[in-house]
Amino acid sequence: MNVAALLAQIRSTWMSHISHQLARGAGVRESFLPQLNQFYDALVQSVESGDPAWMDPILKDWAQARTQTELSVHEASLYPILSQILQTTYFILRESLAADQALEALGALLPVFAYAYEQVARQEMQVRVAHVQRELEFAQTALERLDKSKSDFISVAAHELKTPLTLIEGYATMLRDLFPKDDHQSQAVVLLKGVDNGTRRLREIVDDMIDVSMIDNNLLKLNFQPLWINRLLRTLEEEMRGILSQRKLTLTIKEFPGSDEMTFGDPERIFQALRNLLTNAIKYTPDGGSITVDGRKLPGFIEITVSDTGIGIDPENHTRIFEKFGQIGNVSLHSSGKTKFKGGGPGLGLPITKGLIEAHGGTIWVESEAHDEERCPGSTFHVMLPIRKSPPDEEIAKIFTPLTNGHQT
Ligand code: ADP
């Protein structure tokens, strides 16, 4: 008797055993029976033809029928089901056929099952990969939506705050004008100075919010002009002198190769970026610490480093701090002081700095061993700026032709 005939002989026993084992409950069993019949037909055809590919359609159906829930909780694969079918088949062959016939049938069935295992593994992997890919796409869309709402919120809030702020600034100036210029003592003048400080800080925050939304929406316009990094740093040093001595911090600005070379960029924006880095270095370094600005010239680039002896940043936050609202400290400890030790701001400084540097075709990153307020391992921010010998706009290039022919420092 050939194997196909042997399989036909045990078909009904096989069907009833397997359906009882795999599908508990009469209702489930009934709906499962057509699939088991299809499986058995494929098994017989594979054995008859010697081509196990007959198994493909049913295995594919089974692999794809796995529900979303099963995939998300990483439930066991079809492997255990196939194993159970094989075990039961082996048991039925042994019980229902003579030993030599059982052996012959098993010999024909085993390669088909081996093929089925391989197919199940492959198909399940494909289904799982597709599932993970879909999940990733969902997460990506959700993140993009969140980022867009953050960006929209910043833009709307900045513009809503701008109008009343301008009013307060205007009225405060008019009020101040009611007093003589040399009056610095009267109570109203002192109070008005407080209002002035508050509105100035608020203006800085609103300006930061507008910058962030311009960067996010690719609306940032750079005003390319010749600039010299060492000159920008000298101006910055002047600006920071007062606050550095208040905080008893030492600032060393080194003259490094390339810092005295002319390059094209938006001096105001590069100054703003460097100021943000220096302000952070001041903010996150305890009194008595030191800050060093150094750099080097690389082929086509100038690298500027701002190092401090401050509290440092854990490596897992090295990327996050460049994201909007990416402060990593305790938000409840926020202080409104721009240079006070650990006086966290709104968390827009570094995203703006990154946006400004990238708009120039540069990059920025941080190196820091860890965040440790006792040991203060410090941080080093690296900025790479491309050296441009001419501005991107040809019309502007013409204005600066005399300068670009003979570089000045
Ligand atoms: P913030 O307004 O909070 O200063 P930033 O975008 O400038 O926002 O910085 C984001 C976060 O990065 C800060 O809250 C701080 O935790 C961390 N950070 C930035 N610069 C430094 C630094 N030099 N040393 C330690 N931490 C820093």
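Which residues does leucine 249 touch, not counting residues up to four places away in sequence? In this predicted model, the list comprises Leu244, Ile282, Thr285, Pro286, Asp287, Gly288, Gly289 and Ile291. The setting of leucine 249 is best described after the chain as a whole.

The chain holds 12 helices and seven strands. Its C-alpha trace spans about 115 × 55 × 50 Å along the principal axes. The radius of gyration is 36 Å, whereas a compact globule of 409 residues would have a value near 22 Å. Three domains divide the chain. Domain 1 covers 3–142, domain 2 covers 147–216 and domain 3 covers 225–404. A distance of 72 Å separates the C-alpha centres of domain 1 and domain 2.

Of the 409 residues, 40% are buried. Among contacts with a separation of 6 or more, 75% join residues 24 or more positions apart. The accessible surface amounts to about 22600 Å². Carbon and sulfur atoms contribute 56% of that surface. The chain carries 41 positive and 53 negative charges. The mean positions of these two sets lie 6 Å apart.

Leucine 249 is found in a loop. Helix 8 (229–246) and strand 2 (250–253) flank that loop. The relative accessibility of leucine 249 is 8%, so this residue counts as buried, the cut-off being under 20%. Proline 80 provides a long-range reference point. Leucine 249 and proline 80 are 169 residues apart along the chain, and their C-alpha atoms are separated by 68 Å.

Lysine 248 lies in the loop between helix 8 and strand 2 as well. Lysine 248 has a relative accessibility of 58% and therefore counts as exposed, for which the cut-off is over 50%. The loop thus holds a buried leucine 249 and an exposed lysine 248. The backbone of lysine 248 also deserves a note. Most residues other than glycine have a negative phi. Phi of lysine 248, however, is positive, near 55°.

Cysteine 376 is another residue other than glycine with a positive phi, here near 50°. Cysteine 376 sits in the loop that runs between strand 6 (363–367) and strand 7 (379–386). Is cysteine 376 buried or exposed? Cysteine 376 counts as buried, because its relative accessibility is 18% and the cut-off is under 20%.

Conventions. Residues numbered from 1 in each chain as written. Predicted model: local features only at pLDDT ≥ 70, side-chain atom pairs only at ≥ 80, totals over all residues. Heavy atoms only, no water. Helix = DSSP H or I, 4+ residues; strand = E, 2+ residues; numbered from the N terminus. Rg over C-alpha atoms; globule rule 2.2 N^0.38 Å. Buried < 20%, exposed > 50% of the residue type's maximum accessible area, 1.4 Å probe, protein only. Contact = heavy atoms within 4.5 Å. Areas by Shrake-Rupley, 256 points an atom, 1.4 Å probe, with all protein chains shown as cover. Lys, Arg positive; Asp, Glu negative; His and termini not counted. Charge placed at Lys NZ, Arg CZ, Asp CG, Glu CD. Domains from an automatic or database assignment.
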